[in-house]
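Colleague: I should like to understand how one helix sits in this assembly. Could you take me through it by question and answer?

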Amino acid sequence: MVELSAPSRLPLPTHGPLAVRARRFAEVARQVLRNPTTVAGLVIIVALLAMAFLAPLLTTPNAPDPYQMPRDWTMRDVPPGTPGHPLGTTSTGGDVFYGVLWGARTSLQLSVIVVSITVTVGIIVGSLAGFIGGKLDEILMRLVDVFLAIPELIFALAIAAVLGPSFSNIIFALAVVFWVKYARIIRGQIIHIKQNDYVDAARVTGDSRFSIYRKDVLPNSITPVMVQATMDMGGIVLTAATLSFIGLAEAGLAEWGVLVSDGQAGISAGRWWASTFPGLMVFLWALAFNLVGDGLRDVLDPRTEGR
Amino acid sequence: MQIREYILRRLMILPLIVVGTSIIVFTLSRVGGNPIAIYLEHEMTPAEVAEIEERYGLNDPLPVQYLAWAGGVLTGDMGWSAVSAQPVTEALLDRVGATLELATFAAIVAITMGVGLGTFGGARRDRLPDHLTRVFSISGASMPIFWFAILLLILFWVNLGWVSIGRSDPIIFATIAHPTGLYTIDALLAGSPSAFLDALRYMALPAITLGFGATAIIARMMRSSLVEELNEDYVDAARAKGLPERLVLRRHARRNALIPTVTVIGLGFGFLLQGTVVVEIIFRWPGLGRWMADAVLRGDQATIMAYVLFTSILFLAVNLIVDVMYAYLDRRVVLGA
């Protein structure tokens, strides 16, 4: 009898595909949680998400647009610890604490939007190339090669530049740049999975091509995409912050890169806080998702097993 | 597939990719609307605007404009760079030295530290040094370069006063000639130790900042390939014949572990290239990255197009060289896959 589920290195009893998946998920979760650095990453993620969700409760949302920094022109450049401004203010009277919290919200929205778009587009393009193959594969992969020829950040920078400075253009630019990796990963996986016996078996039993793709090929190809998507949750925020640091977001946006840029001019006068705290947030955000992605890869990718 | 055939195949695909890239670059420059804005001034009459449009061929159909631009690129004419008020080609040549010098020093930092750390961690697998190396590597990959640069400046420039911003001391700069535009080389050519030290002093912080992220990539790859090599039979054989562990590591395992590590040099180079934009802004380094940042903020299409095309071709070339090197070094590699 042929295997119907993912070829797993764990001896799992088969009581229907759903039960197998649930057990496998529990097993993966158990292994992931055994790694202290992954747990550290998860803890940081929970803390950052809490900041994003609680921002409206911990600060008074700026009216009318809470994603714009509130300005207090009477309290410019005050150091951390000042009453009302626990992390100090910028040279334009923006509260760094407010920016740090609402920046978490901005980053969460940004990363969820970009990851959903790029994963979807990547899976569609990669599946067409890998599953249908032939000429279509050749054309799509040359397109992917061209996209990969331009370094990521520079490509996103050029796109955001021609569209004009705004945060929504940064989101668009990142979506255009980041889908390529997923297309490549999923295509490679599908070509590999297609050669398995259980795919042949499904074909023999008369399943339609689409149903083979949906039931047998895609679910077994998706793991490396999940690892990459976890890491990109961090990488996207990092790249977006870099673009907004360069000056491609609206001034005054509650976003970490914008804040670091605002604080840069003050460092020679000893005002270190306006750049340091928001930059630390970008670092923690990227670090947390990279730690978790790294831990996931160790567990899910048999090639690095036990390393 | 034979290596020769593989290289030929790669070389044949390369022009296609370069043309594809140039089409993307051109398309980008026209997506944002008419690229004429940067050439206009407030006092211009409509007739003068029309004259500029005519001069730059902006009324032609897009494919014609693309061919005109691509033809220009091939003959070394890439238009007028408004941000630096000189022809794009000239501006590019003026700045490329500064960026390449910075990237080279950053690469030296990254390769030395990356290989060293990777060996250190891999040889002590699953012990504390290994875990620390892992956390360090992941931190490097997660570090916003712009923030790291600012932290280093706060410490070494504002508080300790050990370094300055820029590329050289103006007084020392004036004492020697600069035929190559690479300040360390110029200083060596002039036989001036003080100019050499000055160049290094200004270089140190930007090179470390830029090299840090790539260090992480290399360390990670070096570690995992060393762990793999240390499990091989030949390592046991070397140990069995009584070779000290230090030599087993240095003469056998590390040499072989370096082969897969070569593959991430391409990736690391891309990391360095894009990092130069931010590092050059913060350290006021007069290179291509800062030129691009200026162009981005002022909408100077000719400069953006030239920069993106130039860096992409450089990136492609490095990746091709890396792949060919890897194919030579490791005959097990499946070519054409």
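The following exchange concerns chain B and the side of chain A that touches chain B.

Modeller: This is a predicted model, in which local features need pLDDT of at least 70 and side-chain atom pairs count only at pLDDT 80 or more, while totals for chains, interfaces and linings use all residues. Residues are numbered from 1 along each chain as its sequence is written, and chains are lettered from A and ligands numbered from 1 in the order in which they are written.

Colleague: How many of the 11 residues of helix H12 of chain B are buried?

Modeller: Helices are DSSP runs of H or I with at least four residues, numbered from the N terminus. A residue is buried if 20 or more other C-beta atoms, placed from the backbone, lie within 10 Å of its own. H12(B) covers residues 288-298, and its buried residues include B:Trp291 and B:Met292. The number buried is eight.

Colleague: Which helices of chain A help to cover the buried residues of H12(B)?

Modeller: Contact here requires C-beta atoms, placed from the backbone, within 7 Å. Chain B itself contributes H4, H11 and H13 to the cover. From chain A, the cover includes H5 and H9.

Colleague: How many residues of chain A are in contact with chain B?

Modeller: On the other side, 40 residues of chain B take part. The number for chain A is 41.

Colleague: Which helices of chain A each supply at least two residues of that side?

Modeller: The helices that meet this condition include the two named above as cover for H12(B), H5 and H9. The full list is H4, H5, H9, H10 and H11 of chain A.

Notes. Buried ≥ 20, exposed ≤ 12 C-beta atoms within 10 Å, placed from the backbone.
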